[in-house]
Amino acid sequence: MTVDTQSQVQVAAEAGAEDVLKRPSYGYWRDAWRRLLRNKVATIAGLYIVLITLAAIFAPIVTPYDRDAPDFGNTREGPTIEHPFGTDPLGRDVFTRVIFGGRVSLGVAFVGSLTSMLIGLTYGAIAGYLGGWVDDLMMRFVDLMYGFPTLLFIILMMLVIPPNSSPALIMVGLFIALGVVSWLGTARLVRGQFLSIREQDFVTAARALGAKPARLITRYLLPNSIGPIVVALTLSIPSLILTESTLSFIGLGVKAPIPSWGVMLSEGWRGMQSDPHLAIFPALAITITMLAFNFFGDGLRDALDPTMRGRD
Amino acid sequence: MSDNQTIMEVNNLKMYFPITRGVFKRTVGWTQAVDDVSFRIKKGETLGLVGESGCGKTTLGRAILQLHKPTAGTVKFEGEELTTLPRRDLRERTSRMQIIFQDPFSSLNPRMTVGAIVREPLVIHGVANGEERRRVVEELLERVGLNAQFANRFPHEFSGGQRQRIGIARALALNPTFIVADEPITSLDVSIQAQIVNLMEDLQDELGLTYLFITHDLSMVRHICDRVAVMYLGKIVELSGVEALYNNAMHPYTQSLLSAIPVPDPVVEETRQRIILEGDVPSPANPPAGCNFCTRCPKVMERCFHAEPELKELAPDHSVACFVAEESWQKASMQKEV
C-alpha cells in the first residue's frame with residue numbers, strides 16, 4: 001500500500017508540472033494516509049509504536065535473557081554491552097524486563113482504549129444520533145457512572161478476582177476494569193460531536209437525498225467527529241498506562257515476578273540514589289511511549305482533516 | 001382539484017414544534033412555525049417565498065420536502081400524497097425533489113471530495129455505476145459551470161459561489177423536477193449572486209425545473225419569480241403574480257415590505273415614502289388572537305383583533321388574507337355595480 005501510494009504521488013508530481021488542476025483520485029482514507037506519511041514526526045512516532053509493540057509481542061525472540069531467572073553473579077550492574085539497561089538486585093536483565101513489561105503496559109493501554117472506544121463510540125453514537133428522550137436516558141446513566149469514584153470502582157472489580165489466580169486472569173480483569181470505566185468520556189465526546197454535526201446542512205442534504213442512518217453515521221457524522229475522538233483516544237492511552245502502574249503499585253494489578261513499567265518504576269524508585277538505572281529506563285519507556293502516542297495522535301487528527309492539506 | 005399543471009399542492013400545512021420544560025420534557029406549548037398554509041405551485045414556474053427572519057419560510061420549505069414531519073395538512077407532489085407515504089417509498093419520491101441551501105460552507109461535507117459529494121445521490125439511489133457514474137459527475141460539474149477536474153478536490157478549496165454551484169450540481173444529480181432553493185444567494189457577494197441566479201434560470205429553461213425560491217431579497221424576487229407568496233408569522237398573507245404584487249400590493253404588510261426597497265434613482269429615492277412598522281414580530285409560540293399582523297398593522301381595525309382573516313382570492317390569481325383589503329375590495333366592486 002505504501003509503495004503504491006508513493007508511486008501515485010510521484011505520478012501526480014510529474015503531471016502537476018503540466019496540469020496544475022489535475023490531481024490523482026484519492027478516496028478519503030487514501031488521502032488521509034498520504035497526509036499522515038507527509039508528517040515526519042507523526043510517522044516516526046507511529047514507527048516507534050509499531051516497533052515497541054512488536055518487541056513486546058515477540059519479547060522472547062528480541063532478548064536472549066530469561067525474564068525471571070536470577071543471576072546472582074551480576075546483580076545491580078549499570079548499563080554494559082551485555083546488559084544495555086543494566087541488571088536489577090536479583091541480576092535480571094532490565095532491558096528484558098522492560099520489553100516484557102511492555103506486554104502488560106501496552107496490552108492494558110491498547111485493550112483498555114479499544115474497549116473504551118468500542119463501547120463509548122457505539123453508546124455515544126446511538127445517543128447522539130437518536131437524540132430526544134433516548135439520549136436523555138443514556139446520558140443520565142453516564143452521569144451516574146461518572147459520579148462513582150473511578151479508582152474505587154476498579155478496586156472493587158479487581159477484588160472480585162481471587163488474589164492467587166493465574167496472571168492471565170488478572171490481566172483480563174485489569175482490561176475489563178479499565179475498559180468499563182474509561183468509555184464514559186468517549187461516549188460523552190462522541191454524543192456531543194454527533195449532536196452538533198447532525199444539525200448541519202450537509203447532513204440535511206444527505207437526508208434529502210434519502211441516505212439511510214448507517215450511511216449518515218459512517219460517511220457524514222463519524223468522519224466529521226473523528227478528530228477529537230482520535231485525540232481523546234491517544235491521550236487516554238498514556239493515562240491508562242499510568243492507571244495500570246497505580247493499580248500495580250497498590251498491589252491490585254499484576255504481581256511479581258511479572259513486570260510492568262509501573263511496577264518496575266515503583267520498585268526502582270526506592271534505590272534511585274545507588275542504582276538510578278532501575279527507575280530511569282522504565283520511566284523513559286513510559287515517557288517516550290506517551291510522547292509517541294501524543295505525536296502520533298496529533299498527526300492522525302491532522303491527516304484525517306482534509307482542510308489541513310498542504311499545511312505543516 | 002389537482003390537474004396536470006400543478007406540480008405541488010399544499011393544503012392546510014401546519015408545522016408545530018413542541019416547547020418542553022423540565023426533566024420529563026413536559027410539553028408546555030407549541031411554536032407554530034408554519035400555521036395552516038395552503039398554496040399550489042405550477043409546473044415550470046418559480047414561486048417566491050418572502051418574509052422576514054423567523055417567519056417560517058425555511059421550515060415551510062423543509063416540511064414540503066418531508067425533512068420535517070408536518071404536524072397536520074397534506075402535501076401532494078406530482079399528484080401523490082407525501083405525508084402519508086411510508087419512509088421507504090418517500091425516499092424514492094425524494095429523488096424528484098431537491099434542496100439548495102443558504103450557507104454553501106455548511107452544506108457540503110468537508111470530509112468528501114467534490115466528486116464524492118456530487119456522486120453521493122447516484123450512489124444512494126443506485127443510479128449508474130463505475131465509469132458511467134464518473135461521467136455523469138463530470139457532466140454535472142460542467143453543467144453548473146465548474147471544471148470537471150475539480151472532482152478530486154475538497155470543498156474548502158473553493159469560494160462561496162463555487163461551493164454553491166457544487167450544491168446545485170448535487171441537487172441536479174437525480175434529475176429532479178422540483179427544487180426548494182432556501183435563500184441560495186443570501187450569503188454570496190452581490191456580483192456572485194447574479195451568476196448563481198442566472199445559472200438557476202438557465203437550468204430552469206434547459207431542464208424544465210420548478211423552483212420554490214425562498215428569499216428576503218425583494219428585488220431578486222421581481223427578477224426571478226413568476227408568483228410570490230408573502231409570509232408573516234407562519235402564515236401566507238398574500239399570494240399573487242409578481243407584477244400584480246409589486247404594482248398593487250393589498251396586504252398592509254406587503255405594502256410596508258415593498259416600501260422598504262431602495263430605488264436606484266436619487267431623486268425618486270429622496271421622496272420615497274417608507275411605511276415603518278412599529279414594534280416586533282410576536283412570538284410564534286404565542287401568536288395574537290385575531291389576525292397575526294394586528295399588533296403592528298398601520299391600518300388595523302377592531303375586527304382584526306378578534307377574527308382571523310382567511311386567504312381569499314380578491315383578484316384573478318391574487319389572494320390576500322386581510323380584512324382591510326377585503327373591505328376596500330368589496331367597496332370597489334360595489335361601486336362598479338352602481
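This is a short walk through a predicted model of a complex, with most of the time spent on chain B.

Confidence first. The predictor gives the complex an ipTM of 0.84, alongside a pTM of 0.80. Chain B has an average pLDDT of 89, and 99% of its residues score at least 70. Within chain B, the low point is helix α2, residues 87–94, with a mean of 76. The high point is strand β3, residues 46–50, at 95.

Now the overall build of chain B. We have eleven helices and twelve strands. The radius of gyration is 22 Å, close to the 20 Å from the globule rule for 338 residues, so chain B is as compact as a globular protein of that length. Along the principal axes, its C-alpha atoms fill a box of roughly 70 × 60 × 45 Å. Of the 338 residues, 41% are buried. Look at contacts between residues at least 6 apart in sequence: 62% of them join residues at least 24 apart.

Next, the open sheet. Four strands of chain B line up in the order β2-β1-β4-β5, and the pairing is antiparallel. Which strands stand at the edges? They are β2, residues 26–42, and β5, residues 80–81. Each has a single partner strand, so one side of each has no neighbour in the sheet. At the β5 end, β4(B), residues 72–77, pairs with β5(B) over two bridges, in the antiparallel sense. There, B:Lys76 sits opposite B:Glu81 of β5(B).

Move on to the parallel strands. Take β7(B), residues 178–182. Five of its five residues are buried, so the strand is largely enclosed by the rest of the structure. In a regular strand, side chains alternate between the two faces of the sheet. Here both faces are covered. B:Phe178, B:Val180 and B:Asp182 are buried on one side, B:Ile179 and B:Ala181 on the other.

What are the neighbours of this strand? β6(B), residues 97–100, runs parallel to β7(B), with four bridges between them. One of the pairs puts B:Met97 with B:Phe178. β8(B), residues 210–215, is also parallel to β7(B), joined by five bridges. There, B:Ile179 has B:Tyr211 as its bridge partner. The chain gets from β7(B) to β8(B) by way of helix α6(B), residues 190–207, and this β-α-β crossover is right-handed.

Now a buried helix. That is α3(B), residues 114–124. Nine of its eleven residues are buried, so α3(B) is largely enclosed by the rest of the structure. The buried set includes B:Val114, B:Ile117, B:Leu122 and B:Ile124, and also the charged pair B:Arg119 and B:Glu120. What covers them? From chain B, the cover includes α4, residues 130–143, and α5, residues 160–172. From chain A, it includes α9 and α10. Just after the helix, B:Gly126 adopts a positive phi of about 60°.

That brings us to the interface. How many residues are in contact? 24 of chain A meet 28 of chain B. On the chain A side, α9, residues 201–208, and α10, residues 213–249, each supply at least two residues. The largest share comes from α9(A), with seven residues. By type, the chain A side divides into 13 nonpolar, six polar and five charged residues.

One point to take away. The two chain A helices named at the interface, α9 and α10, also help cover the buried residues of α3(B).

How values were computed: Residues numbered from 1 in each chain as written. Chains lettered and ligands numbered in written order. Predicted model: local features only at pLDDT ≥ 70, side-chain atom pairs only at ≥ 80, totals over all residues. Contact = placed C-beta atoms within 7 Å. Pairing = 2+ DSSP bridges. Buried ≥ 20, exposed ≤ 12 C-beta atoms within 10 Å, placed from the backbone. pLDDT = per-residue confidence, 0-100. Right-handed = clockwise from strand over helix to strand, strands pointing away. Rg over C-alpha atoms; globule rule 2.2 N^0.38 Å.
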